[in-house]
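Thanks, everyone. I'll keep this brief. Please have a look at the model first.

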Amino acid sequence: MESSALDFVAQSCMDLSEVLNTAGSEADRDNLIVNHIKKVSSVVTAVEDFKKDLEWVNVSEPISLSQHCSDKIVVLDFWTYCCINCYHVLPDLAHLEKLYSVENGLVVIGVHCAKFNNEKDSSNILAAVRRYNIHHPVVNDADSSYWEALGIHCWPTLLILGPGNKPLFVLTGEGHREELVSFVGVAIRHFGLRISTAEIPMSPSNYIKPKDCDVLQFPSKVALNPFYRGRGEEPFLAISDTGNHRVILTDCSGIILRIIGGPEPGFKDGKLSEARLNSPQGVCWLSGSVLAVCDTNNHAVRAVHLDDGTVEVLVGTGEQSHTGDLGHLGRNKVTACWFDTVYFTDNQTNNDDEKEKDKKDEKRRVLLIACAGSHQIWALFLDNTIWWKYKSYAEGTCVCIAGSGVEAARNSAYPNTACFAQPSGLTLRTGTSPEMFIADSESSSIRRLTLSTGQVSTLCGGDRNPLNLFAFGDVDDIGVEAKLQHPLGVAYCEANKTLYVADTYNHKIKKVDIGPQKVTTLNPTMIETSDPAIFNEPSGLSASADGKYLYIADTNNHSIKILNLAKNVCQEFKVRVPDPKFAEPENLILYKNDLFIHKKCGNLIIHFNMNLEADQSKDGKASGRAPQFTPGAPQNWHVWIKDDNNRDVTLDEFEFVSGSRKGTKLPGRVEMKLKHQTDKTHYLLYLSFQTSLCDASVCYSHFFTVRSTILVRDSVKPVESYRITCKVNPAMTRASKAEQTKR
């Protein structure tokens, strides 16, 4: 189809929108829409079908417009998964699909036309489909051939087709839910019996967690607690577990201490266990007990109060604003897609004035927020504050402080004339001249905002032309000569004067030397294997205050990684639920002699047997015959090992050689070997028995466990061997003893 024909449909839709504003009733509106359908369908021809070699998601076979959809109303959603505006259209499409199913005659097809090279990969599109919970078919128009054939010009574009695949309506941009529902509803009713109720070959892709992922789903941001002092249940790290609609707080080992929200999306304040979030992103600590959360899909900022266990809204209503508002904002005003936040506290900014110098000891608290949806930077003033240009803001005011709302990468000494392109990550550089670094994702650049004047400039990446939002790549260089690809996260470390960047679509972590503006890629190896660390769209960073470690939200790997910056090695930060409180088994026999194993993958061999003793009379003599093992019955035993945190490490840290850790016969033998060299000093070994016994009158089972300590040393033999004999009186298990001889 020639692009001019689609332009005709677009112009007709603009004319329709104007007359719809003057319609007096719902019936008048429907008549105007029907007249539009008749006019357009009499002129246009069918759009061409999809090529046969395209890759699809959520289908059991490729969809053909002519074969599957010629008697349907079809909505083609031209999108790319980096685009925040495309993201905002998805709830409208989900709402439409609830009103009209395929059996009602509606088919929605996502046509993914990539902006960035990374987005052309179908596996990355599949991850986005899972992350955004998209259930309709999606086709990968990787080379944008279908986009060009139909004359599409921008993301997002919604093209509505009628029977015979004729284009009826074109909607560009976001915020068209009402028109979308009206146009589709009228079209289905208008064409009536011409609309088919037949199914199409859909097969929604269910989300399957990776093998090693028990907890996280698309984690997006992380924030180390700067107030952490290592006390008891004090949180160490906050994680936005975006795919599970929750925030997780862990200790320094990764054990989960608190969970806020999840597993389903919602918008609810109250107790931590009852509160609901919707795809949270940025998190930052306001104090050791208060956490601010960008509740992204609720277009709100929430506060988590750990002391009293509650969640409240700081700003936002749960509804999206479709316009950038430069005015003052109360907490009940709609906003647009908060993506990251940082906490700024400092002296008053305008201290060059004598009056302000007198106030130099006065502090002000400001929550700075990246509003990706309106391409702006906002501030929530937590105290009465004199801001730059001598503007005074009352406590509780939320206002745009930088960005015109136009999507571009324009620098300016005047913050409200500067332009951003989907700012998605923030970090602060404090000191005498504080500034904020901004991951400006759609311009593929890192911007800087001077917090004393409001001046906006570019640190690295992007292009000198502020309108060129396609200057992306993977180049280490200086300033704008360096190239990034859709960075989503930044973290500045004062200790080493370095900015770290999550170069998301290049799947890399990079550092920027602020002075020379030099960009360098970090190429860490995994500490366990020495293989290169493989990131998959990392999107959040947090640097330790001492400059030694960088915590990384490795989003599409569903994990958190720790990068040792000095050694350039990386390891998994294993987020996990706490193990159940361990209770020692009943009938426990303490084996007082220690066992030893060499710390460098040493072997430990244990030969064990069990002697049964008869009950004794008061004078210490045997009062009867000792019980016997039941002939032919299994004498079950098994070995399990715990570390000093009471974690079961039997299979994680030990390998069982030439046999098993379980058996059914006595005497028994077990040989175990440390899988890796370890720095641990000891383990607890449990050898549990379930024996079948008989005495003169009855047969029965007897359970007991022997516990010993394995000491890990480098001064012992590579292979240590022990013999343990358990003397057991089933009637007096608590008084039982175990004896050992070392071979």
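Let me start with a question. How do the residues lining the largest pocket divide into nonpolar, polar and charged? The split is 20 nonpolar, 11 polar and 19 charged. Keep in mind that this is a predicted model.

Stay with that pocket for a moment. It holds about 2100 Å³ of space. Its lining counts 50 residues. Nearest the centre lie Glu-528, Gln-571, Glu-572, Lys-574 and Arg-647. Three elements each give two or more residues to this lining: strand S32 (549-554), strand S33 (559-564) and strand S34 (569-573).

Now the packing. Nonpolar side chains tend to be buried together in soluble globular proteins. Here, the largest nonpolar core has 76 residues. Phe-50, Leu-76, Phe-78, Ile-109 and Val-184 have the most contacts inside that core. Take Phe-50. Setting aside neighbours within four places in sequence, Phe-50 touches Trp-56, Ile-63, Leu-65, Leu-76, Ile-109, Val-111, Val-139 and Tyr-146. There is also a second, separate core, with 31 residues. Among its members are Leu-595, Met-610, Met-672 and Leu-685.

Finally, the chain overall. Eight helices and 46 strands make up the list of elements. The C-alpha trace spans about 110 × 80 × 45 Å along its principal axes. Of the 743 residues, 55% count as buried. Take the contacts with a separation of 6 or more: 60% of them come from residues 24 or more positions apart. The exposed area is about 32600 Å², and carbon and sulfur atoms supply 48% of it.

That's my tour. Over to you.

Key:
Residues are numbered from 1 along each chain as its sequence is written. This is a predicted model: local features need pLDDT of at least 70, side-chain atom pairs count only at pLDDT 80 or more; totals for chains, interfaces and linings use all residues. Side-chain values use heavy atoms; hydrogens and water are left out. On a 1 Å grid over the protein atoms alone, a cavity is a set of points where a 1.4 Å probe fits but cannot get out, and a pocket is an open set with protein on both sides within 12 Å along at least five of seven lines; lining residues have an atom within 4 Å of a point. Grid points are joined across faces, edges and corners, and a volume is the space filled by probe spheres set on the points. Helices (H or I, at least four residues) and strands (E, at least two) are DSSP runs, numbered from the N terminus. Ala, Val, Leu, Ile, Met, Phe, Trp, Tyr, Cys and Pro count as nonpolar, Asp, Glu, Lys and Arg as charged, and the others, Gly among them, as polar. A nonpolar core is a set of buried Ala, Val, Leu, Ile, Met, Phe, Trp, Tyr and Cys residues joined through side-chain atoms within 4.5 Å. Buried means under 20% relative accessible area, exposed over 50%, partly exposed in between (1.4 Å probe, protein chains only). Contact means heavy atoms within 4.5 Å. Accessible areas come from the Shrake-Rupley method with a 1.4 Å probe; for residues, only the protein chains shown count as cover.
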